Structure formats: C-alpha cells, structure tokens
Amino acid sequence: MTDVRSILCHMNIVLEDGSTADSTKASGKPVRLNIGDESLSPAFEAQIESLGEGDTHSFTLEAVDAFGESNPDAIHYMDRSKFPGDMELEPGVIVSFGGPGGSEIPGIVRDIAGDSVTVDLNHPLAGQVLTFELEVIQVL
C-alpha cells in the first residue's frame, strides 16, 4: 500500500473564463488534500506530490482529471409534486436529496417545464477545464 500523506493548503479553483469558482481564502478555511489514498485523480496527485510547506503552485486540468466529465445518467426529470409545495424552484437552485447511509446529495435545478423539474446531480464543476492555484500551509 502506498503511504498516504496530506497537505493543508489554500486553494482557488478558476474557470476557463478567469472567474473564481471557489476559494478557501474567501472562507478562511484551508483544504486538506490527501496524497496516496485515491481520493484525487492521478493527474492531480502528480501536480502536488512534491510540494512542500510555503510552496505555491498553479496548474490546469482537463475535466476528466478534475471533477470528471458530466454524466448524462446523473440528470433526472422529476415531478414537481416530489418537492415541498413552498420550495421556490428555479434554474440554479441547489436541492438536497437523501443518499445512501443518510448522506446528502446536492442537485442543481437546471430547468422547469410545466410539472417536470430537471435536476442535475453531477458535481457543479464536472465537465469543466479548471485551474487550481495552491498555497501550501503545512505538510502533514
């Protein structure tokens, strides 16, 4: 088994248009990335495995190596009656669904046509080329 090590870092995730999709600096909460436990893609791990405390690194990954390609099987068409009557449903609204073992699965409302609500359960950043900007705080 490969040794697992972690880095604690601040990370910006930048979209192709240059806008920031997520930033740990904005929230003030750094992220812990585990190297060697298969939670990250091999391409992502290859970019961060040699980083040390104080390092900064920026790299771009294709969708398949970041949050994966968008999976058409994760798009569901649901009857409006499946949602609470007082819930405001409009494109872009994030809805939470119960998953296995009590977990929650977020879905994004993509479209509403009459009583049909299109919900996308793909990761919000799936299917996108992303640039990751890291600043390593600590190697654990």
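Two strands count as paired here if DSSP finds at least two bridges between them, and this rule underlies the sheet described in the views of this predicted model.

**View 1. The open sheet of four strands.** In this open sheet the four strands follow the order 5-8-7-6, and their pairing is antiparallel. Strand 5, covering residues 75–79, and strand 6, covering residues 94–98, stand at the edges, and because each has a single partner strand, one side of each is left without a neighbour in the sheet. From one strand to the next, the twist averages 40°.

**View 2. The pairing of strand 6 with strand 7.** Strand 7 is formed by residues 104–113 and runs antiparallel to strand 6, to which it is joined by five bridges. Among the residues to look for here is glycine 98, whose bridge partner in strand 7 is glutamate 104.

**View 3. The elements along the chain.** The secondary structure of the chain comes to two helices and nine strands, and, read from the N terminus on, these elements run β-β-α-β-α-β-β-β-β-β-β. Taken along the principal axes, the box filled by the C-alpha atoms is roughly 55 × 35 × 25 Å. Of the contacts in the chain with a separation of 6 or more, 61% are between residues 24 or more positions apart.

**View 4. The surface and the charged side chains.** Of the 140 residues in the chain, 31% are buried, while the chain exposes about 8,500 Å², with 49% of that area supplied by carbon and sulfur atoms. The chain carries 7 positive and 24 negative side chains, and a distance of 7 Å lies between the centres of the two sets.

Conventions: Residues are numbered from 1 along each chain as its sequence is written. This is a predicted model: local features need pLDDT of at least 70, side-chain atom pairs count only at pLDDT 80 or more; totals for chains, interfaces and linings use all residues. Side-chain values use heavy atoms; hydrogens and water are left out. Axes are lines fitted to C-alpha atoms, for helices over the stretch in contact, and angles run from 0 to 180 degrees between N-to-C directions. Buried means under 20% relative accessible area, exposed over 50%, partly exposed in between (1.4 Å probe, protein chains only). Contact means heavy atoms within 4.5 Å. Accessible areas come from the Shrake-Rupley method with a 1.4 Å probe; for residues, only the protein chains shown count as cover. Lys and Arg count as positive and Asp and Glu as negative; His and the chain ends are not counted. The place of a charge is taken as NZ of Lys, CZ of Arg, CG of Asp or CD of Glu.
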